[in-house]
Amino acid sequence: MKKIVLLGYMGSGKSTIGSALASAIGLPYLDLDHQIEQLSQKTVSEIFETKGEIYFRRLESQLFNELLNNNENFVLSLGGGTPCYYNHDDLLQKDGVTSIYLKVSVPILYQRLLKEKEQRPLLARLDDEELQEFIAKHLFEREPYYRKAKHIINCNDISVANIVSEIENKL
Ligand code: S3P
């Protein structure tokens, strides 16, 4: 079984790197947010608004469990919060699963998220000044969960192609 699971903060490049990696190694690419949206026929923002975050976290956790316990091979990008709710340490460490934390610094995340915060329910209401402080604090709280991955890749100042080949070297 070959399952590659990418984790990291919002804006860390999970989707871009996940789809590039999947085409490089010839595996299907899955995005957990997209799976949730397909299943519920709503966008992530709509789910947060109409059903609330707790409902979203339950659905996210349930789908993550199902995907990691099936027999399919894939590259999967998690949502930024997926490893931080419920206990998923066993899934990240499971045989046949290569879990990778894409580590990106706060200033780079801030630059990226500034342009995209409207589509992200946890960031949409913050003004630009609050954003950097929020990211710094939130990432500090989440890093212990991200560090449960089997590998950590430092993604500052490195191209997508080089990140993909670093990951390939770990498979
Ligand atoms: C979230 C990250 C989002 C999405 C949801 C919550 C988070 O995914 O799952 O908005 O808690 O960090 P991305 O990391 O793909 O943006």
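**Figure 1. Y86 sits partly exposed in this predicted model.** Y86 has 14 C-beta neighbours inside 10 Å, so Y86 counts as partly exposed. Its place is the loop between β3 (residues 74-77) and α5. Phi of Y86 is positive, about 60°, although Y86 is not a glycine. Most residues other than glycine have a negative phi.

**Figure 2. Q41 is a second non-glycine residue with a positive phi.** The phi of Q41 is near 55°. Q41 belongs to the loop between α2 and α3. Is Q41 buried or exposed? Q41 counts as exposed, because it has 8 C-beta neighbours inside 10 Å.

**Figure 3. Ten residues are named around the ligand.** They are M10, K14, D33, V44, G79, G80, G81, R120, P121 and L122. How does this shell divide by residue character? Four of its residues are nonpolar, three are polar and three are charged. Several of these residues also carry a UniProt annotation. In an unreviewed entry, UniProt lists D33 and G80 among the residues of one "binding site". K14 and R120 are among those of another "binding site" listing, also from an unreviewed entry.

**Figure 4. D33 is a buried residue of helix α2.** The helix runs over residues 32-40. D33 has 20 C-beta neighbours inside 10 Å, and therefore counts as buried; the cut-off for buried is 20 or more. Which residues does D33 contact beyond its neighbours within four places in sequence? They are V44 and G79. Both V44 and G79 are also among the residues around the ligand, as is D33. The UniProt "binding site" feature that covers D33 also covers R57, G80 and R142, according to an unreviewed entry.

**Figure 5. R57 lies in helix α4, residues 53-69.** R57 is partly exposed, with 16 other C-beta atoms within 10 Å. The helix has 17 residues. From first C-alpha to last, α4 reaches 24 Å, close to the 24 Å expected at 1.5 Å a residue. Which residues of α4 are buried? They are F56, E60, F64 and L68. These four cover an arc of only 85° around the axis, so they lie on the same side of α4. Their cover includes β1 (3-7), α2, α3 (44-51), α5 (89-93) and β4 (97-103). The face turned away from the buried side carries the exposed residues I54, E66 and N69.

**Figure 6. S12 is buried in the loop between β1 and α1.** S12 counts as buried because it has 25 C-beta neighbours inside 10 Å. Leaving aside neighbours within four places in sequence, S12 is in contact with L102, V104, L109 and C155. UniProt lists S12 under "binding site" in an unreviewed entry, together with G11, G13, K14, S15, T16 and R120.

**Figure 7. S15 and T16 belong to helix α1.** The helix spans residues 14-25. S15 is partly exposed, with 14 other C-beta atoms within 10 Å. T16 has 14 C-beta neighbours inside 10 Å, so T16 also counts as partly exposed. What does S15 touch, not counting residues up to four places away in sequence? S15 touches D31 and S77. A UniProt "binding site" feature, from an unreviewed entry, is placed at S15. The UniProt listing that holds S12 includes T16 as well.

How values were computed: Residues numbered from 1 in each chain as written. Predicted model: local features only at pLDDT ≥ 70, side-chain atom pairs only at ≥ 80, totals over all residues. UniProt positions renumbered as here; feature names shortened; annotations may be inferred. Helix = DSSP H or I, 4+ residues; strand = E, 2+ residues; numbered from the N terminus. Buried ≥ 20, exposed ≤ 12 C-beta atoms within 10 Å, placed from the backbone. Contact = placed C-beta atoms within 7 Å. Near = placed C-beta within 6 Å. Nonpolar A, V, L, I, M, F, W, Y, C, P; charged D, E, K, R; others polar. Expected span 1.5 Å × (residues − 1). Arc of directions from axis to C-beta.
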